[in-house]
Amino acid sequence: MRPTKLQILTKTALMVAVISVLAQVAIPFSAMPMTLQTFAIAFCGYYLGGKHGTLTVLVYLLMGAIGLPVFASFGATATFLGPTGGFLIGFLPLSLLCGISVSAGKIKSLLLSACGLFLCHALGVGVTILYALAFNHNSEHRLCSALTEQQSASLSDILPHSLAGLPDA
């Protein structure tokens, strides 16, 4: 029997509340908060399925985007623009793939769930690195210096000494 619209709406509201509460449960690990939010997102996909689980996560993200303090450490809109914003975007494929994995076989289910978790963390870590490079002047300076030194070394190896203005050895 198919669930009614009221049942789907109730489960969606319940899961948004569960995700919001578990986002506040922080495990002190590093400067970046490690919360039970990711577990709640995966559970949402498993519980509601791919379509409804992903829509529930989208509702959760929209609630934070309009300013409701539902993200970790009661964050809201600014969290999207911070170093953890990639994890928030990564919640969509995580929920979708976990939801799809429910109807797959055991090995396929494990692979789909692992891919969802990998995508979530790849987006999160990628945005965190970009954020650090863009807004941390020391990192940016060190990265530019390293690239410049590398390019200089490469050019001196490629160009003949006479073109580089160096005396022949």
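Trainee: Which elements do the buried residues of H1 pack against?
Mentor: Keep in mind that this is a predicted model. The buried residues of H1 are Thr-12, Met-15, Val-16, Ile-19, Ser-20 and Leu-22. They pack against strand E2 (34-35) and H2.

Trainee: Are H1 and H2 roughly parallel or roughly perpendicular to each other?
Mentor: Start with the axes, which come within 8 Å and cross at roughly 85 degrees. An angle of 65 to 115 degrees counts as roughly perpendicular. So H1 and H2 are roughly perpendicular to each other.

Trainee: And how many residues in the contact of H1 with H2 are nonpolar?
Mentor: Take the other classes out of the way: one residue of that contact is charged and five are polar. The nonpolar count is 15.

Trainee: What should the 18 residues of H1 span, in Å?
Mentor: Use 1.5 Å a residue, multiplied by one less than the number of residues. The end C-alpha atoms of H1 are 26 Å apart, which agrees with the expected span of 26 Å.

Trainee: Which helix gives the most to the largest nonpolar core?
Mentor: That core has 20 residues, and Tyr-60, Phe-91 and Leu-94 touch the most other members. Helix H1 (5-22), helix H2 (37-65) and helix H4 (85-101) each supply at least two of its residues. With eight residues, the one that gives the most is H2.

Trainee: What is Leu-94 in contact with, leaving aside its neighbours within four places in sequence?
Mentor: Leu-94 is one of the core residues that touch the most other members. With those sequence neighbours left aside, its contacts are Thr-38, Ile-41, Ala-42, Gly-116, Leu-117 and Cys-120.

Methods
Residues numbered from 1 in each chain as written. Predicted model: local features only at pLDDT ≥ 70, side-chain atom pairs only at ≥ 80, totals over all residues. Heavy atoms only, no water. Core = buried A, V, L, I, M, F, W, Y, C linked by side-chain atoms within 4.5 Å. Buried < 20%, exposed > 50% of the residue type's maximum accessible area, 1.4 Å probe, protein only. Helix = DSSP H or I, 4+ residues; strand = E, 2+ residues; numbered from the N terminus. Contact = heavy atoms within 4.5 Å. Axes fitted to C-alpha atoms, helices over the stretch in contact; angles between N-to-C directions. Parallel < 35°, antiparallel > 145°, perpendicular 65-115°, else oblique. Nonpolar A, V, L, I, M, F, W, Y, C, P; charged D, E, K, R; others polar.
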